[in-house]
Amino acid sequence: MLRRGRPERRGVRGIAAQVLDGKEMAAAVRQEVARRVAKLAAERGVVPGLAVILIGEDPASQIYVRNKEKAAAEVGIRSAVYRLAADVPADAVRDLIAHLNADPAVHGILIQAPVPRHLDFEALVGRRSREG
């Protein structure tokens, strides 16, 4: 079997392996997600909403969240990022999660890891009623 002109390769124990084009596959997945989001909006009037909670100034997390915002926009998903200071009290984060859980426009909540040491990531994640 050929994929983009590359021959099939033999992998571990002689099992055939196929070289895949990751960028091409990712583009196809994004296109399918965009199609489904548009269909959901057209048929039910629902635009999926993602809330992202970013606590602190971790540079890698900032890049990751920025990329998630861009990816969501590209497929028609509404996103909102809640940037909180590294010293935010746990109660304030729990209150924000409760607020987002109650918001009918939010269908998923992503809590970006890592979180500062004074916060219990697993406990915060457990408070979400909308997976993200």
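**View 1. The largest nonpolar core of this predicted model has 15 residues.** Within this core, the residues with the most contacts are I53, I55, V93, L100, I111 and L119. At least two core residues come from each of strand 3 (49–55), helix 3 (90–102), strand 5 (108–111) and helix 4 (121–126). Helix 3 gives the most, with 4 residues.

**View 2. Here we settle on I53 and the residues around it.** Once its neighbours within four places in sequence are set aside, I53 is in contact with Y82, L84, L96, I97 and L100. I53 also touches I109, L110, I111 and Q112. Apart from the largest core lies another one, of 5 residues, and V52, L54, V65 and L110 are among them.

**View 3. Helix 3 comes next, with its 13 residues.** From its first C-alpha to its last, helix 3 reaches 19 Å, close to the 18 Å expected at 1.5 Å a residue. Which residues of helix 3 are buried? They are V93, L96, I97, L100 and N101. Seen down the axis of helix 3, the buried residues fall within an arc of 140°, so they line one face of the helix. The face turned away from that buried side carries the exposed residues D95, H99 and A102. As for what covers the buried residues of helix 3, the list includes strand 3, strand 4 (78–84), strand 5 and helix 4.

**View 4. A polar side chain, that of N101, is worth a closer look in helix 3.** Why does N101 count as buried? Its relative accessibility is 17%, and buried means under 20%, so N101 falls on the buried side of the cut-off. Where does the side chain of N101 reach? It meets the backbone oxygen of R127 at 2.8 Å.

**View 5. To finish, we step back to the chain as a whole, with its 4 helices and 5 strands.** Follow the chain from the N terminus and the elements run β-β-α-β-α-β-α-β-α. Of the 132 residues in the chain, buried residues make up 26%. Among contacts between residues at least 6 apart in sequence, 63% join residues at least 24 apart. The chain exposes about 8800 Å², and carbon and sulfur atoms supply 55% of that area.

Terms used: Residues numbered from 1 in each chain as written. Predicted model: local features only at pLDDT ≥ 70, side-chain atom pairs only at ≥ 80, totals over all residues. Heavy atoms only, no water. Buried < 20%, exposed > 50% of the residue type's maximum accessible area, 1.4 Å probe, protein only. Contact = heavy atoms within 4.5 Å. Areas by Shrake-Rupley, 256 points an atom, 1.4 Å probe, with all protein chains shown as cover. Core = buried A, V, L, I, M, F, W, Y, C linked by side-chain atoms within 4.5 Å. Expected span 1.5 Å × (residues − 1). Arc of directions from axis to C-beta. Polar contact = N/O pair within 3.5 Å; in protein donor to acceptor, adjacent residues only side chain to side chain.
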